[in-house]
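Let's take a walk through this structure together. Keep the 3D view open and turn it as we go.

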Amino acid sequence: MLIHSDAEAPEGFQSLATPVYRGSTVLFPEASAATDNWNQHEVGYTYGLYGTPTTLELAAKICELEKGFRTIITPGGQAAISLIHLALLKAGDHLLLPESIYGPNRMFSNSVLRRFGVEVSYYQPTIGAGIAAEFRPNTRLVWCESPGSITMEVQDVPAIADAAHQHGALVVIDNTWSSGIYLDAFVHGVDITMQALTKYIGGHSDLLLGSITVRDPKLFERLGETHHGIGSAASPDDCSLALRGMKTLAVRLKAVEASALVLAQWLSQRPEVELVLHPALPSCPGHQFWKRDFTGSSGLFSFVFQQNVNKQQVLAFIDALEFFEIGYSWGGVTSLAMTYDLQSPKRPAYGSRLVRLYTGLEDIDDLKADVEQALEKIKAT
Ligand SMILES: Cc1ncc(COP(=O)(O)O)c(C=O)c1O
């Protein structure tokens, strides 16, 4: 009775929330119906690893927003990145990444992909159509990330996509900053769009998920097969939180966009600040492409202190902030600050003077006052 019970709850419950369907084993009605096929869109549910109705509902909703054919949900944004690489590259292929790519994507490409015989090279994110000179006969995949991690360069994605397609290469974009909302990736020529759902879709800093969306059924087959082989299933519990997060995404995005714009404009007037790297401000490299291609901006931007501000003062500024917490990842309700040391000759010469801010849902006057008091404190350092 404990295992094979006839007890039942009353029927007829209807709620606004998607149920959390957990399950490894999926039951088949009869022996002849059993099949181990990952493509549950084609054959129905077969095994929990390939997604339960909770996972696949999240996938369908992301796919609808990004106007794709199919979306694959992964257990984190970085898992989406590595899955794209593993599904689409093989030994002897050449991969192009912008210098501004998310750090762990660079790390995976340099270590794992090179170990498997993939050639990896980097291009300046502001290169635009000039990327044509970077192609080799074996170039198969080009990444864009717009704006780029930390340094926020907005890329000329259509020009890069055009050049890539002329060379027979696929284009993938890390579309996390726009949350798949403010940049219509497929319209701008990309073949694959991925997001860390961890950020805005989750929206509360309490889950890790990623998504990969494609328009081409053949690409879905390649990605789906590799996803199956790697076995990286996303938790239905996390997917249910992401589905809940999606319902408030529009109001959250609007709020963080408004706060970030106020703060970025205010910072650009401060004497301690040399440069504000916010895509909606003309001081941001590639601002003209943001204006042309994006329909809004989000809550993450950077600024660079004047040359006379040293590393200790930058650290003291971050430590003096009270509302802005210190931590990685963003897109939640809490404002965050982080400093980065950019010492590579291939990156802009911001050195240790760059601070990245994420504006959360706190009152903007409180955030501004917080930054102001922290700026005052560094004078005493
Ligand atoms: C632009 C970007 N892409 C991908 C990721 C990876 O996401 P996750 O932390 O879910 O692995 C991050 C996380 O910081 C990110 O900022």
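What follows is a tour in a few stops, from the ligand site out to the strands and some odd spots in the backbone.

One thing to keep in mind from the start is that this is a predicted model. With that said, let's begin at the ligand. It sits in the largest pocket, and 14 residues surround it. The closest are Gly 77, Gln 78, Asp 174, Thr 198 and Lys 199. If you want to know which element gives the most to this shell, look at helix α3, residues 77–88, which supplies three residues.

Now zoom in on the polar atoms. A backbone N or O atom of Gln 78 lies 2.8 Å from an oxygen atom of the ligand. Asp 174 works from its side chain instead: one of its polar atoms is 2.7 Å from a ligand nitrogen. Tyr 102 also comes in with its side chain, where an N or O atom is 3.5 Å from an oxygen atom of the ligand. As for how wrapped up the ligand is, the protein covers 88% of the 390 Å² of accessible area that the ligand has on its own.

While you're at helix α3, have a look at Ser 82, which lies in that helix. Ser 82 has a relative accessibility of 15%, so it counts as buried; the cut-off for that label is under 20%. The Ser 82 side chain reaches the backbone oxygen of Ala 79 at 3.3 Å.

Next, slide over to strand β1, residues 70–74. Why call this strand largely enclosed by the rest of the structure? Because five of its five residues are buried. You can check this face by face: Arg 70, Ile 72 and Thr 74 are buried on one side, and Thr 71 and Ile 73 are buried on the other. Strand β7, residues 210–214, runs antiparallel to β1, and five bridges join the two. A handy landmark in this pairing is Thr 71, which stands opposite Thr 213 in β7.

There is another sheet worth tracing strand by strand. It is an open sheet of five strands in the order β8-β9-β12-β11-β10, and its pairing is mixed. The edges are held by β8 (273–277) and β10, each with a single partner strand, so one side of each is left without a neighbour in the sheet. As a reminder, strands of a sheet pair through backbone hydrogen bonds, either parallel or antiparallel.

You can see both kinds of pairing around β11, residues 336–342. On one hand, β11 is joined to β10 (residues 325–326) by two bridges, and these two run parallel; here the partner of Ile 326 is Ala 337 in β11. On the other hand, β11 pairs with β12 (residues 351–358) in the antiparallel sense over six bridges. Two spots to click on in that pairing are Tyr 340, which stands opposite Leu 354, and Leu 342, which stands opposite Gly 351. Strand β11 is mostly covered, with five of its seven residues buried.

Follow the chain on into the loop between β11 and β12 and you'll meet Ser 344. With 33% relative accessibility, Ser 344 counts as partly exposed. Its side chain reaches the backbone nitrogen of Lys 346 at 3.0 Å. Ser 344 also gives you a long-range link: its C-alpha atom is 10.0 Å from that of Glu 99, although the two residues are 245 apart along the chain.

Now for the loop between β4 (139–145) and α5 (157–166), where Asp 156 has its place. Asp 156 is buried, at a relative accessible area of 12%. The side chain of Asp 156 makes a polar contact with the side chain of Arg 292 at 2.7 Å. Pro 147 belongs to the loop between β4 and α5 as well, and a cis peptide bond joins Ser 146 to Pro 147, with omega at about -5°.

That brings us to the backbone oddities. Most residues other than glycine have a negative phi, and most peptide bonds are trans. Besides the cis bond before Pro 147, look at two serines. Ser 205 has a positive phi of about 55°; you'll find Ser 205 in the loop between β6 (192–196) and β7, and at 57% relative accessibility it counts as exposed. Ser 329 has a positive phi too, of about 70°. Ser 329 is in the loop between β10 and β11, and it is partly exposed, with a relative accessible area of 29%.

Note on methods
Residues numbered from 1 in each chain as written. Predicted model: local features only at pLDDT ≥ 70, side-chain atom pairs only at ≥ 80, totals over all residues. Heavy atoms only, no water. Buried < 20%, exposed > 50% of the residue type's maximum accessible area, 1.4 Å probe, protein only. Helix = DSSP H or I, 4+ residues; strand = E, 2+ residues; numbered from the N terminus. Pairing = 2+ DSSP bridges. Near = heavy atom within 4 Å. Polar contact = N/O pair within 3.5 Å; in protein donor to acceptor, adjacent residues only side chain to side chain. Areas by Shrake-Rupley, 256 points an atom, 1.4 Å probe, with all protein chains shown as cover. 1 Å grid on protein atoms, 1.4 Å probe; cavity = no way out; pocket = protein on both sides within 12 Å on 5 of 7 lines; lining within 4 Å. Sits in = over half its atoms within 2 Å of the grid points.
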